[in-house]
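Visitor: I am new to this structure. Please take one part of it and walk me through it closely.

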Amino acid sequence: MAAPEERDLTQEQTEKLLQVQDLTGIESMDQCRHTLEQHNWNIEAAVQDRLNEQEGVPSVFNPPPSRPLQVNTADHRIYSYVVSRPQPRGLLGWGYYLIMLPFRFTYYTILDIFRFALRFIRPDPRSRVTDPVGDIVSFMHSFEEKYGRAHPVFYQGTYSQALNDAKRELRFLLVYLHGDDHQDSDEFCRNTLCAPEVISLINTRMLFWACSTNKPEGYRVSQALRENTYPFLAMIMLKDRRMTVVGRLEGLIQPDDLINQLTFIMDANQTYLVSERLEREERNQTQVLRQQQDEAYLASLRADQEKERKKREERERKRRKEEEVQQQKLAEERRRQNLQEEKERKLECLPPEPSPDDPESVKIIFKLPNDSRVERRFHFSQSLTVIHDFLFSLKESPEKFQIEANFPRRVLPCVPSEEWPTPPTLQEAGLSHTEVLFVQDLTDE
C-alpha cells in the first residue's frame, strides 16, 4: 500500500521519481523524492547534480544529496573485454622498449606526483560541472576538427539525458570516454571509431554518447564508470528495470574486433530488451484498459449525476409549482375575504330605502347578468354612487360591472372618472320615477 505522502504525488511526479531511481540507482523512493524536491522536480538538474557528487565536491545546483549518480556496475554478469598492448618483437623492439621504459616510468611517476600535489593547492576544475551540454558540444567540435565529420552520430545532450532516452526508447547506449593524453586514443578514433562499418553499426543499433575526460562532464562519468585504461567503451541498457552496464571494452581494439564484441554483447542481452518491451506493452495495455475503465466509470458517474440533477430540478419545479398554487389559493382566499368585507361595508353604509308613497322616490328594477331581477327604491337627490354601492353589496352581483340605461342607451357614470369626478344624482342623470337598468359584467375585461 502506498505511503500517505506518495498518494499526494501527481502521475507526472511519480514518473519522474521512477526515472530518477532508474538513472541514479537510488533504492529509497523517499531519497529520490527529496532529491527532486531540492531541484524543483527538474530531472536533468537532479541527475546531473548526482554526477557532481564525487570525492566530496560541492553540489552545483543545491546542497548535495547523500550518494553520487551511478549506473549499476556491480553485476557479476558484466562482459569485460580488455585489449592489452602488443609486446615488443625482435631484438630492436625489445631494445627500444627497455631504453624508453625508465623515461616512461619517470614521466608518468612525476606526472602523478604533480597531479597529486596540485590537488592540495587548488581543486580539480573538472570536479565541478557547470555546463554539461557545453562540454559535449566542445568535445564534438574538437573531434571533428581533428578526425573529420565521418564519425558515429554523437548524442547531443548530457549523460543523464542519454541514459533517460535509452531507457525510454529501450535501446543500447554506447558510452565512449576519450583520454586526450593517452597514446592509443588518436589511433582508435582515426582508424576504429571512424571506420565506415563501425559507424553503420553504431548508428543503426544504439545511441552513442562520448566526451573527453578532460571535460568536467566526461570526468564525472569517468568517476562513475571507473575505467581502467583508454580507449574505454561501456555498453549500457535497461536490465531488470535499472540502467545497467552490460559490457566494458578497454584498450586499443580494431574495427572488426569492435564490431564482433559489440554484436556479441547486444545478442547476449537482447532478450532483456525484448522482455522489457513486452512488459512495457503489457503495462501500456493495462494502463489503457484502466483508463478506458476509468472513462467508462466517469461517464456512468456523469450520467447518474445528470439523472440526479434532473430529479432534483423536477422536484424543485414541482415544489415551486405547489408553492405557487398554494400562494394563489391564499391570495384568492384573501381577495374573496376582502371582497366580502367590502360588500358588507358598502351594505352598512347604504342610506335607508324611501317609502313607496314618497313623491321624490325612484323605483329601479335591475336586470343582473345571471338574468335575475332586483328591485329597490332610491331618492332623486341621491348620487348614482348609491346605486353602484347597492348592486356591489349584493351577493349575486359581479365584482366589476357597469350600469346601463336603455332609453336613451347610455352608461351611467356611477363611479368617479376624469369626465365625472363627482357622479351626478339620479335626477341629474335623467332617471324617471320607474326605471329598468341593466348590469353589465366587466370582471373578465
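Guide: Let us start with a pair of strands. β2, residues 172–178, runs parallel to β3, residues 206–212, and seven bridges join them. Keep in mind that this is a predicted model. β2 has another partner too: β4, residues 232–239, pairs with β2 in the antiparallel sense over five bridges.

Look at Y176 in β2. Opposite Y176 stands A210 in β3. L233 in β4 also stands opposite Y176.

Now turn to burial. Seven of the seven residues of β2 are buried. In a regular strand, side chains alternate between the two faces of the sheet. In β2, one side carries F172, L174, Y176 and H178. The other carries L173, V175 and L177. Both faces are covered, and these residues are all buried.

Next, an open sheet further along. Five strands make up this sheet, in the order β7-β6-β10-β8-β9, with mixed pairing. β7 (373–379) and β9 (409–411) are the edge strands; each has a single partner, so one side of each has no neighbour in the sheet. From one strand to the next, the twist averages 30 degrees.

Inside this sheet, find β8, residues 401–406, and β10, residues 434–441. They pair in the antiparallel sense over five bridges. F401 has D441 in β10 as its bridge partner. A helix packs on this sheet: α11, residues 384–393. Helix α11 touches β6 (361–367), β7, β8 and β10. The direction of α11 makes about 120 degrees with that of β8.

Technical notes. Residues are numbered from 1 along each chain as its sequence is written. This is a predicted model: local features need pLDDT of at least 70, side-chain atom pairs count only at pLDDT 80 or more; totals for chains, interfaces and linings use all residues. Side-chain values use heavy atoms; hydrogens and water are left out. Two strands pair if DSSP finds at least two bridges between them. Helices (H or I, at least four residues) and strands (E, at least two) are DSSP runs, numbered from the N terminus. Axes are lines fitted to C-alpha atoms, for helices over the stretch in contact, and angles run from 0 to 180 degrees between N-to-C directions. Contact means heavy atoms within 4.5 Å. Buried means under 20% relative accessible area, exposed over 50%, partly exposed in between (1.4 Å probe, protein chains only).
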